[in-house]
Amino acid sequence: MTSAFAGRTGHQDRTARKPHLAVVGATGAVGSVMLGILSERADVWGEIRLVSSSAPAAGRKLAVRGEEVEVRALDEDVFDGIDIAMFDVPDEVAARWAPIAVSKGAVVVDNSGAFRMDPDVPLVVPEVNASAARVRPRGIIANPHCTTLSMIVALGALHAEYGLSELIVSTYQAVSAVPGAGNEGVDTLRAQLSAVCGMELGTAPGDVRRAVGDTLGPFPAPIALNVVPWAGSLREDGWSSEELKIREESRKVLGLPNLKVTATCVRVPVITAHSLSVHARFENEVTVAGAHQILATAPGVVLSDDPAQGEFPTPADVVGTDPTWVGRVRRSLDDPKALELFVCGDNLRKGAALNTVQIAEAVAAELNG
C-alpha cells in the first residue's frame with residue numbers, strides 16, 4: 001500500500017535509517033514497561049523520544065536502551081521527524097493528540113480506548129491478525145484492552161483450526177489494570193492488606209469492610225480478602241464497560257462480527273496478571289489432544305496443563321512474562337464442540353506494552369521495505 005509518509009517533507013530518507021519512535025505516556029505504569037521492553041528486544045529504532053502528557057513529569061530522565069533520556073512535554077513539536085508514535089495516555093488525550101501526530105507524518109499505535117471501535121482503525125494482535133495493521137486509513141492502529149489480550153492469542157490459534165462460534169468468559173482481573181491516577185488500584189490493595197494483616201476476618205458479614213474502613217479507593221467493595229464482581233463503568237441493562245469491551249474487541253480482532261460473547265468481569269486481590277475462565281464453542285468437533293497440539297505450537301502461547309502434577313497457570317507464576325499461558329484444557333462434558341480453558345497473562349506486558357511494541361516493530365519493518 002502507499003505509505004502514510006509518501007511525499008512528506010523530512011521523511012524521504014527513512015529507508016536509509018532506522019525509524020524514529022516517540023513514546024507518549026512514558027512516565028506511566030505501562031510506559032515504564034514499554035521502556036523496559038524496548039531495551040530488551042532487538043534495537044530497530046533510531047531516536048527514541050520520551051513524552052509525557054503530565055507537565056510536572058517533563059524534564060525527568062528515564063533509562064531506555066542503556067541511556068538516560070529526558071522526558072519532553074506533549075506538544076506538536078515533539079512529533080517532528082517521528083515515524084511511529086506509541087501512545088499510552090487517557091482516552092481524551094489520545095483522541096486529541098493522535099491525529100496531530102499523524103498530521104506530522106507519524107503512524108500512531110494507540111493503547112487507549114479512543115479508537116478501538118473506529119471502523120477506520122484496525123485493532124491488532126500480531127499473532128492473530130497482523131495483516132490488518134497494513135490498512136490504516138486514519139494512520140492509527142489500536143491496541144486491544146488488556147483483558148481481551150490476555151486470552152485472544154490462544155483463542156485465535158484455536159479459531160484458525162476449529163472455527164469459533166461462541167465465548168462465555170469469566171475474568172479474574174488484577175488491580176494494576178484499574179484506571180486512575182498513578183497506581184491507585186495497587187496502592188489501595190496494599191493499604192487494605194496492611195489494615196487486615198493479623199486480624200481474624202471473613203467469618204461475619206461486613207467484618208472485612210469495617211476493617212478497611214474508608215480505604216476502598218477505586219473499588220466499590222473491599223478488594224483485600226475478597227473478590228468484587230465489577231470492573232469498569234455501568235452500561236445498559238446492567239452490563240459493565242469491561243464486559244462489553246471483551247465482546248466487541250474479540251469480534252473485531254477475530255473478524256467475527258456476529259460472534260456470541262458473554263463476559264462477567266471480576267476484580268481479585270492480585271497485583272499484576274489477569275486470569276480468565278473460558279468456555280469456547282466451535283463450529284467443528286474438538287479434542288483435548290488436538291487443542292494441546294495447537295496451543296503448544298502457537299506463537300505467543302505457553303501450554304501448562306498437567307493437573308495431576310499441579311501444573312496450570314496462575315497469576316503468581318506468569319507475572320513478568322510475555323506469553324499467554326493456558327491450562328485446564330477440557331472438552332465440555334455435554335458438547336463435543338466446546339472446550340473449557342483457564343488462561344493467564346501479564347496485563348502490563350502482553351496486555352498493554354508488549355503488544356504495542358510488537359505492532360510498532362511490524363510497522364517499522366513495513367516502512368523500511
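Student: In what order do the strands of the open sheet with parallel pairing stand?

Tutor: In this predicted model, the order is β5-β2-β1-β6-β7-β8, six strands forming an open sheet with parallel pairing.

Student: Why are β5 and β8 said to stand at the edges?

Tutor: Each has a single partner strand, so one side of β5 (72-73) and one side of β8 (140-142) is left without a neighbour in the sheet.

Student: What makes β1 and β6 a pair?

Tutor: A pair requires at least two bridges between the strands. Strand β1 (residues 21-24) and strand β6 (residues 84-87) have four bridges in the parallel sense, so the requirement of at least two is met. A22 stands opposite A85 in β6.

Student: Which helices lie across strands of this sheet?

Tutor: Among them is helix α1 (residues 29-40), which lies across β1, β2 (48-52) and β6 and runs at about 155 degrees to β1. Another is helix α10 (residues 349-367), which lies across β6, β7 (107-110) and β8, at about 170 degrees to β6.

Student: How do you know that β3 and β4 pair, and in which sense?

Tutor: Four bridges link β3 and strand β4 (residues 67-70) in the antiparallel sense, and because at least two are needed, the two strands count as paired. The bridge partner of V64 in β4 is E67, and that of K61 is E70. Two residues lie between the strands of this hairpin, where R65 takes a positive phi near 55 degrees.

Student: What makes the side chains of strand β3 alternate?

Tutor: Along β3 (residues 61-64), L62 and V64 point to one face and are buried, while K61 and A63 point to the other and are not. Buried means under 20% relative accessible area.

Student: Why is S194 called exposed?

Tutor: Its relative accessible area is 57%, and the term exposed applies over 50%, so the name fits. S194 is found in helix α5 (residues 184-196). From G81, S194 is 113 residues away in sequence and 48 Å away in space, C-alpha to C-alpha.

Student: What is the strand order of the open sheet with mixed pairing, and which are its edge strands?

Tutor: Six strands form this open sheet in the order β10-β9-β11-β14-β13-β12. The edge strands are β10 (260-267) and β12 (301-303), each of which pairs on one side only. On average, neighbouring strands of this sheet are turned by 25 degrees against each other, direction ignored.

Student: How do you know that β12 pairs with β13?

Tutor: Three bridges join β12 to strand β13 (residues 324-331), and the two run parallel. Because at least two bridges are required, they count as a pair. L303 stands opposite V326 in β13.

Student: Which strands do helices α4 and α8 lie across?

Tutor: Helix α4 (residues 146-162) lies across β9 (164-173), β11 (274-282), β12, β13 and β14 (338-345), running at about 25 degrees to β11. Helix α8 (residues 288-297) lies across β12, β13 and β14, at about 170 degrees to β13.

Student: Which residues line the second largest pocket, and how do they divide?

Tutor: The lining consists of D91, G113, R116, M117, R235, S241, L244, K245, E248 and E249. These residues divide into two nonpolar, two polar and six charged. Helix α7 (residues 241-254) gives the largest share of the lining, five residues. The space in this pocket is about 190 Å³.

Key: Residues numbered from 1 in each chain as written. Predicted model: local features only at pLDDT ≥ 70, side-chain atom pairs only at ≥ 80, totals over all residues. Heavy atoms only, no water. Buried < 20%, exposed > 50% of the residue type's maximum accessible area, 1.4 Å probe, protein only. Contact = heavy atoms within 4.5 Å. Axes fitted to C-alpha atoms, helices over the stretch in contact; angles between N-to-C directions. 1 Å grid on protein atoms, 1.4 Å probe; cavity = no way out; pocket = protein on both sides within 12 Å on 5 of 7 lines; lining within 4 Å. Points joined across faces, edges and corners; volume = space filled by probe spheres on them. Nonpolar A, V, L, I, M, F, W, Y, C, P; charged D, E, K, R; others polar.
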